[in-house]
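Thank you all for coming. I would like to take a few minutes to walk through two interfaces, and I will ask you to keep the structure in view while I talk.

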Amino acid sequence: MEFKLTEEQELIRKNMREFADKYVEPIAGEIDENSRHPAEVFKRLAEGDWMGIPIPVEYGGAGADYLIHILAVEELSRSCASTGFTVSIHVGIACMLVLLNGTEEQKQQYLLPMAKGDKLGAFVLTEPGAGTDVMAATTTAVLDGDAYVLNGTKTFTSNGPTGDTYMVFAWTDKAAGRKGMSCFIIPKGTAGMSAGTHFQKMGLRSSQTSEMVFKDCRVPKANLLGKEGAGLVMAMAGFDHGRVGIAAQSLGILQAALDESIRYAKERVQFGNPIARNQAISWMIADMATELSAARFLTYHASWLKDQQRVFSKEAAMAKLYASEAAMRHTIKAVQIHGGYGYCKGAKVERLMRDAKITEIYEGTSEAQRMVISGNVLR
Amino acid sequence: MPNIIACCKWVIDEAYIRKGPAGALDFSTVDYKISDYDRNAIEEAVCLKGLHGGSVTVLTAGAPEAAKGVKDALSRGAEQAFFAGDPSFNQLESSQTAAILGEIIRSRIPYDLVICGEGSSDQYAQQVGPRLAENLGIPCISYVQKLTIGEDGRILAERRVEEGVEVVEAPLPVLVTVLPEINTPRIPGVRDTLTASKKPVVAIKKEELPPVGAARLQTMGMTATRMERNCEKFAATPEEVARFVGALQKLGVIS
């Protein structure tokens, strides 16, 4: 058993750290405040092959391990969780869906520009009445000649307003139940598909989230991804990949909380001593560091299983569950360590705490992860 | 089309050095990096290759672990590397490093231009560049903040000196030592790092080199700096200046 990264993995991690320090950290507060999608950063990410790390070179990616993608999301999220997430959902779900299920033509037409970072992917599944209960969705796709006609409303679509290539799920045969949902690749500008306005969120504010409305939206048959009726199975496999990314995003948030807490606790003097000398503070930091390590091992292990082409659903759910809850627990502590200063805008820990909350909610709530895990271990 | 050699050193990343209990430096958890100004040297070599063609070779001597640094250097655009790795090369003195690099260049690498960082991030002795030029018997231009190769194959270098900028022209071959102002080193992309492993590295064993001379320097100790505030104020009057000097003498800061 080896607990170490390869030289390439270490170098790439360091390069992303430098990238994030240079281009992301300085604007992270501003893009949070203004809910702004930093297009300039994504252009640079594309130039460095960061937008398609685990996608083969022939489809525009870097042809690297999934673990390298995970390390990149973690380091990016250490500076800005929104930017890290956008990369995560673009690569981990949108690109992976096409890579795993697409035809050669679909890969050339849609995956290649996404993996190169020229186009941004989005995952369109959730509906106002269908969150964890995906089966409650109502959006339909009816075959009419050589096209499917989609009708319905989706919500909480990440990259909704900013995306270029949407993976949209709709019922082709509601009566067939779990085998009745299908997935379609729909490029931006398709008539009948429109994105609503960006939701103002508590955290993750620079990631653009909106409703997606489908009104007699005609999608050519050639844009059906995978087989008709295979949508739900594909979505679940997509979630497995995406969840490791959310775990990595949580690691980045937690690492940043730890860095900020250590720095502040050593610097802040009360009663004549740095507050780090108080056991009440130092134990909070000890717990934070310990749970960060635990979360990291779970996350890297899930990613390693993926790279070994082994089953990793349960491990992805465990990593996401543990890392996201640890991020939430300890960003609250990080704010506590910072006292009043941590409660004010401009303190990084304030943003970290708001950003951490979403990791327990999207791509399956903590409760949904527990359903996946218990379903696996009680089988 | 110039053949360019960029020299680099794999050094401790100072961000990881911690302070031990008695002020001693704790190196137990350090990571390593390419010395900062050497990254500028590599970048400049790669930029010049982009403008004029030719080739870029990176050259380093160090402990076997520096192999990772070689990979890092190759990911920054050089096409091959020469690496003299040996456990005893971990703490080389400037004169020894210059002798090793000089021997390797003379015997193995055709060149027109050698670029070094002005000084290393760890010791900043600024010795290897000038000593290497001397070893090779070529001119050395130091403190370079801008570099151009003219059509006649001569090199034009802007040197930042204390009282301004000095412009120097020299025929190739020449060695230059560069300042960080000369460029902004790139951050390698994912593919740059992955393909670096496939580039040729010529490994040179200690036995293939003439013996390096004995070390002439001895490190007596290394401690972290300590900052203490005594909150003593001095005014800008002659009496006060004298009192200030006296205070510094008393503390042993000056003698």
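Let me begin where the two chains meet: across the interface of chain A and chain B there are 12 residue pairs in polar contact, counting pairs in which both residues have pLDDT 80 or more. I should say straight away that this is a predicted model, and everything that follows should be heard with that in mind.

Which element gives the largest share of the side of chain A that touches chain B? That is H1(A), which supplies 11 residues, and when the residues of this side are sorted by character, they divide into 10 nonpolar, 4 polar and 7 charged. Charge also appears in the pairing across the interface, where the count between chain A and chain B is 6 salt bridges; one of the salt bridges joins A:Glu10 to B:Lys68, with the closest N and O atoms 2.3 Å apart.

As for the extent of this interface, 21 residues of chain A are in contact with 20 residues of chain B, and the two chains bury about 1700 Å² between them, with 56% of that area on carbon and sulfur atoms. On the chain A side, A:Glu8, A:Leu11 and A:Lys14 together supply 32% of the area buried against chain B, which is more than any other three residues.

Now let me turn to the inside of chain A, where the domain assignment gives domain 1 (7–119), domain 2 (122–231) and domain 3 (233–377). I will stay with domain 1 and domain 2 of chain A, whose centres, taken over C-alpha atoms, are separated by 23 Å.

Here 24 residues of domain 1 of chain A are in contact with 23 residues of domain 2 of chain A, and the two domains bury about 1900 Å² between them, 62% of it on carbon and sulfur atoms. In domain 1 of chain A, the residues that lose the most area to domain 2 of chain A are A:Ser35, A:Gln106 and A:Tyr110, together 28% of what that side buries.

How many salt bridges does the rule find across the interface of domain 1 and domain 2 of chain A? The rule finds 0 salt bridges there, although 8 residue pairs, both members at pLDDT 80 or more, are in polar contact between these domains.

Finally, on the domain 1 side of chain A that touches domain 2, helix H1 (7–33), helix H4 (81–101) and helix H5 (104–115) each supply at least two residues, and H4(A) gives the most, with 10 residues. The residues of that side divide into 12 nonpolar, 7 polar and 5 charged.

Note on methods. Residues are numbered from 1 along each chain as its sequence is written. Chains are lettered from A and ligands numbered from 1 in the order in which they are written. This is a predicted model: local features need pLDDT of at least 70, side-chain atom pairs count only at pLDDT 80 or more; totals for chains, interfaces and linings use all residues. Side-chain values use heavy atoms; hydrogens and water are left out. Domain bounds come from an automatic or database domain assignment. Contact means heavy atoms within 4.5 Å. Buried area is the accessible area (1.4 Å probe) that two parts lose on being put together, summed over both. A salt bridge is a side-chain nitrogen of Lys or Arg within 4 Å of a carboxyl oxygen of Asp or Glu. A polar contact is a pair of N or O atoms within 3.5 Å; within protein, one must be able to donate a hydrogen and the other to accept it, and residues adjacent in sequence count only if both atoms are side-chain atoms. Helices (H or I, at least four residues) and strands (E, at least two) are DSSP runs, numbered from the N terminus. Ala, Val, Leu, Ile, Met, Phe, Trp, Tyr, Cys and Pro count as nonpolar, Asp, Glu, Lys and Arg as charged, and the others, Gly among them, as polar.
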